[in-house]
Amino acid sequence: MVVKGKKLQKKPSRKEQSKEFLSVKSKKKNDILSESDMEDEEMEEQQSLDGDGGNSGSDLSSDGDDTFAGDVLQGSDDEEKGSGSDSDLDSDDSDVEKKSRAIDDEKEREEKEALDELQLNIKEQPDEFRLPTQEELEEEARGPPDLTGLKQRIKEVVRVLSNFSSLRQEGATRKQYIEQLKMDLGSYYGYNEFLISSLVEMFPPVELMELIEAFEKPRPITLRTNTLKTRRRDLAGVLLNRGINLDPLSKWSKVGLVVYDHQVPYGATPEYMAGHYMVQSASSFLPVMALAPQEKERVVDMAASPGGKTTYIAALMKNTGIIYANEMKEQRLTKLTSNLQRLGVTNTVVCSYDGRELPKVLGHNTADRVLLDAPCSGTGVISKDESVKTSKNAVDVQNCSRLQKELILAAIDMVDANSKSGGYVVYSTCSMMVIENEDVIDYALKKRDVKLVPCGLDFGRPGFVRFRERRFHPSLEKTRRFYPHVHNMDGFFVAKLKKMSNSKGVPAAASEVEEVVEEGSEIEPSTTENPEAEIPKPQRKEMLKKGNKSSTTNNGSLKRKNEEKPAPKEKRKKFKPLPREEISKAREDKRQALREAKKKATTKSASKKARPGV
Ligand SMILES: C[S@@+](CC[C@H](N)C(=O)[O-])C[C@H]1O[C@@H](n2cnc3c(N)ncnc32)[C@H](O)[C@@H]1O
């Protein structure tokens, strides 16, 4: 491979290259193994549409390390063999000297050769990076991957792209550099074309590199104190005594702990068994914090297993009120219920429905808050599940987006806009994809009378208001994105919606599903802003007043309230008055019909009167 950069490096041997590659893999394997004996709540959270998320990490082999260990052991065996009898001692000494000199000479010769080669390269190549030609790329493809060369070229392309006007090669376009970058990132880090292209579209080159590098490293291990059973300070003390070195997670959480190192498995301590904490990624605290459930409320967790967020909601509600924890996949219910039990949650009803059916089951406009931690592509949790790099394609992500749009309408339909304490929906995903995040929220804003409100999290990046050809409602700026390279947590998205009125609480009709498909398409640019969010305030108040009248219930059960079900706005036909002549003609016809009917009736009664015996 030809890499012409400022700093030319000696090409490493194949063995060195494979060592570098394997060390990353074996590190991952160790990380995975260290957690394998506990309930891996985090892995469960990234379940995609297909269900049981990739666990391909467990197949990773530690061959690299083993081979290395083998070499070391082999070396010590040789040494033992070399220490022979006393009589051999003198001759051995001179042998060793000779051998050592020979090794030194060989080393010197190799170094000289390498230096000559380097000089030659420097003379041959200009002091600037140039893109490889088609032939060079073809030649490269025939050989084994040159990881060091690839990495060097990635760096060079990123350098050029960051200062394109002054560093670019004459005649080369930005697109060519981007294409090269995508190809090299794909080969070096093992991403499929779809995913790497999506990420390239989202971030400027330098930041993209930071993100991709962050995905190669594990995120910190975090625990959430179960305040139903203990206090963070007490828990930290006990775990420290057990040899788990930890600290409070961060200023933004009162219940989180971060584990630095541990002499005992943190997923198998007596405190863990007793439900004093949950092993939970920092990012998954966020949607619950945004939901901010209150005591005695009615809350629905639409996609709940393994229950990391449900148990946190229960703790914030101090086990009061009621939580409906729904999980569609039966095989995931055991994990959910066992976590609820372990953590001592007593205010939760577990159910198993497709989330889209929930409004029919639990009732429309009946919940104070709904959490939709949606099934997604899992593209934010690559550090935990490397298989996502290759397993997701455009169709998968489109399918996720379509389901998420249907689920979010169901979530909104369950919330009561007139709830005294709530009326909120929180939507979250562990996906990086715009069509699973901003696009879903934008869709909800268009379909229901909801508006975005701040998530109440004082960090995180604002969601996209525009992305490529797409234009979203300006309030999308209130949503939050979290990134591994910025926030040292999994890629995550959180949005909080307030339901403004129950007037659009219609169940998802078949026609809506069709529209979802249409609107989910990346190709069709969104031009319409959300008309519903712009309803003037006085009109809103009026709608709310009306809603209040029809929805008073004061018992604790989720009872179906009176629903107003006007046809969706976009389906209503505009009223067109008929021409004046048509109206008078219609009136005349009606009068005539009435006259005739009257006449008939009089004739009938007259004939009845004439024949009284009949
Ligand atoms: C991101 S995970 C939820 C993680 C969970 N909220 C937690 O914090 O522990 C998404 C869940 O949605 C479930 N799911 C998939 N399709 C669903 C559907 N149509 N309705 C409801 N849940 C669904 C998956 O089985 C998965 O358990």
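**Exercise 1. Find the bridge partner of Thr222 in β3, and place the pair in its sheet.**

Solution. Step 1: Thr222 is bridged to Val258 of β3. Strands here are DSSP runs (E, at least two residues) and helices likewise (H or I, at least four), numbered from the N terminus. The model is predicted: local features need pLDDT of at least 70, side-chain atom pairs count only at pLDDT 80 or more, and totals for chains, interfaces and linings use all residues. Residues are numbered from 1 along each chain as its sequence is written.

Step 2: β1 (residues 221-225) and β3 (residues 256-262) pair in the antiparallel sense over four bridges; two strands pair if DSSP finds at least two bridges between them.

Step 3: The open sheet has four strands in the order β2-β3-β1-β4, with antiparallel pairing. β2 (244-248) and β4 (277-279) are the edge strands, each pairing on one side only. On average, neighbouring strands are turned by 35 degrees against each other, direction ignored.

Step 4: Helix α11 (residues 232-241) packs on the sheet and touches β1, β2, β3 and β4. The direction of α11 makes about 155 degrees with that of β2. Angles run from 0 to 180 degrees between N-to-C directions, and axes are lines fitted to C-alpha atoms, for helices over the stretch in contact. Contact means that the C-beta atoms of two residues, placed from the backbone, lie within 7 Å.

**Exercise 2. Describe the packing of α6 against α10.**

Solution. Step 1: α6 (residues 147-162) and α10 (residues 205-215) pack at an angle of about 145 degrees, and their axes are 8 Å apart.

Step 2: Val158, Leu161 and Ser162 of α6 meet Pro205, Val206 and Met209 of α10.

Step 3: These residues divide into five nonpolar, one polar and no charged. Ala, Val, Leu, Ile, Met, Phe, Trp, Tyr, Cys and Pro count as nonpolar, Asp, Glu, Lys and Arg as charged, and the others, Gly among them, as polar.

**Exercise 3. Determine why the residues that UniProt lists as "binding site" gather at one spot, and describe the surroundings of Glu327 and Asp373.**

Solution. Step 1: The unreviewed UniProt entry lists Glu327, Asp354 and Asp373 for this feature. They span 47 residues in sequence, yet no two of their C-alpha atoms are more than 13.6 Å apart, so they gather at one spot. UniProt positions are given in the numbering used here, feature names are shortened, and annotations may be inferred rather than shown by experiment.

Step 2: Glu327 sits in the loop between β6 (322-326) and α15 (333-342). Glu327 is buried, with 26 other C-beta atoms within 10 Å. A residue is buried if 20 or more other C-beta atoms lie within 10 Å of its own, exposed if 12 or fewer, and partly exposed in between, with C-beta atoms placed from the backbone. Beyond neighbours within four places in sequence, the contacts of Glu327 include Ala303, Ser305 and Ser352.

Step 3: Asp373 belongs to strand β8 (residues 369-373) and is buried, with 23 C-beta neighbours inside 10 Å. Leaving aside neighbours within four places in sequence, Asp373 contacts Pro287, Ala303, Lys309 and Ser428.

**Exercise 4. Compare the positive-phi residues Lys296 and Asn365: which is buried, and which is partly exposed?**

Solution. Step 1: Neither is a glycine; phi is about 70 degrees at Lys296 and about 50 degrees at Asn365.

Step 2: Lys296 lies in the loop between α13 (286-291) and β5, and Asn365 in the loop between α16 (358-362) and β8.

Step 3: Lys296 is partly exposed, with 14 other C-beta atoms within 10 Å, whereas Asn365 is buried, with 26.
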